[in-house]
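Visitor: I would like to take a close look at a single part of this protein and then see how its surroundings fit together. Could you walk me through it slowly, step by step?

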Amino acid sequence: MAFNLSIEREGELKAVIARYPVTRSALLPALWLVQDETGFVSDEAVAYVAKTLDLPEADVYGALTFYTMFNRRKLGRHHIQVCTNICCWLRGSEDVLKYLKAKLNIDVGGTTKDGAFTLSTVECLGACGGAPMMMVDLEYYEDLTPVKIDEILKNLK
Ligand code: FES
């Protein structure tokens, strides 16, 4: 089935495209608008973005698969991304991950049965000073402990 943005977001996309001298420059914002609307970027959405920006689909897939901020499938209502890079690892990211897996009863890549949370790992998010950290949706949570994680999850439900 062909993908289309809502009229409102299509207007936003046109405004973004108009900002750049080269249409290709709107690729990341276009993918972000798609994801903001549907929660992920489907193959049909890739075709839509490619056509709208007059780009080969391969170029759209190249950007889409390079950046971990883009999802290729529907996720839970909240996306928990635990940083497992060196600073976070040295300060206990393995324990954070283990705790979350047990608490949510899912593995990395999984979504809870109620559809509330999807758990992922991610490379350094640039908040090493607050290690161990995780990103939930667009928020950073740092210096994680089991108590802090419990509180974060409780507030998100
Ligand atoms: S290593 Fe985790 S934020 Fe940098």
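Guide: Setting aside the neighbours within four places in sequence, Ser93 is in contact with Val82, Cys83, Thr84, Cys88 and Pro132, and, since this is a predicted model, these contacts should be read as features of a prediction. Ser93 has a relative accessible area of 0%, and because buried means under 20%, Ser93 counts as buried.

The place of Ser93 is in helix H6, which spans residues 93-104 and packs on the sheet, where helix H6 touches strand S1 (78-83), S2 and S3. The direction of helix H6 makes about 150° with that of S1.

From here we can turn to the sheet itself, which is an open one formed by four strands in the order S2-S1-S3-S4, with mixed pairing. Strand S2 (117-122) and strand S4 (139-141) stand at the edges, and each has a single partner strand, so one side of each is left without a neighbour in the sheet. From one strand to the next, the twist averages 25°. Strand S3, made of residues 134-136, pairs with S4 in the antiparallel sense over three bridges, and Met134 stands opposite Tyr141 in S4. A further helix, H7 (residues 146-156), lies across S1, S2, S3 and S4 and runs at about 10° to S3.

One residue of the edge strand S2 deserves a careful look, namely Val122. Its relative accessibility is 5%, so Val122 counts as buried. Not counting residues up to four places away in sequence, Val122 touches Thr68, Gln81, Val82, Cys83, Thr84 and Asn85, and the list of contacts of Ser93 likewise includes Val82, Cys83 and Thr84. Val122 and Gln81 are 41 residues apart along the chain, yet their C-alpha atoms are separated by 5.9 Å.

Strand S1 also leads us to the largest pocket, because helix H2 (27-38) and S1 each supply at least two residues of its lining, where a lining residue is one that has an atom within 4 Å of a point of the pocket. This pocket has a volume of about 420 Å³, and of the 17 residues that line it, the closest to its centre are Gln35, Gly39, Asn71, His79 and Asp137. The lining divides into five nonpolar, eight polar and four charged residues.

Definitions and conventions
Residues numbered from 1 in each chain as written. Predicted model: local features only at pLDDT ≥ 70, side-chain atom pairs only at ≥ 80, totals over all residues. Heavy atoms only, no water. Pairing = 2+ DSSP bridges. Axes fitted to C-alpha atoms, helices over the stretch in contact; angles between N-to-C directions. Contact = heavy atoms within 4.5 Å. Buried < 20%, exposed > 50% of the residue type's maximum accessible area, 1.4 Å probe, protein only. 1 Å grid on protein atoms, 1.4 Å probe; cavity = no way out; pocket = protein on both sides within 12 Å on 5 of 7 lines; lining within 4 Å. Points joined across faces, edges and corners; volume = space filled by probe spheres on them. Nonpolar A, V, L, I, M, F, W, Y, C, P; charged D, E, K, R; others polar.
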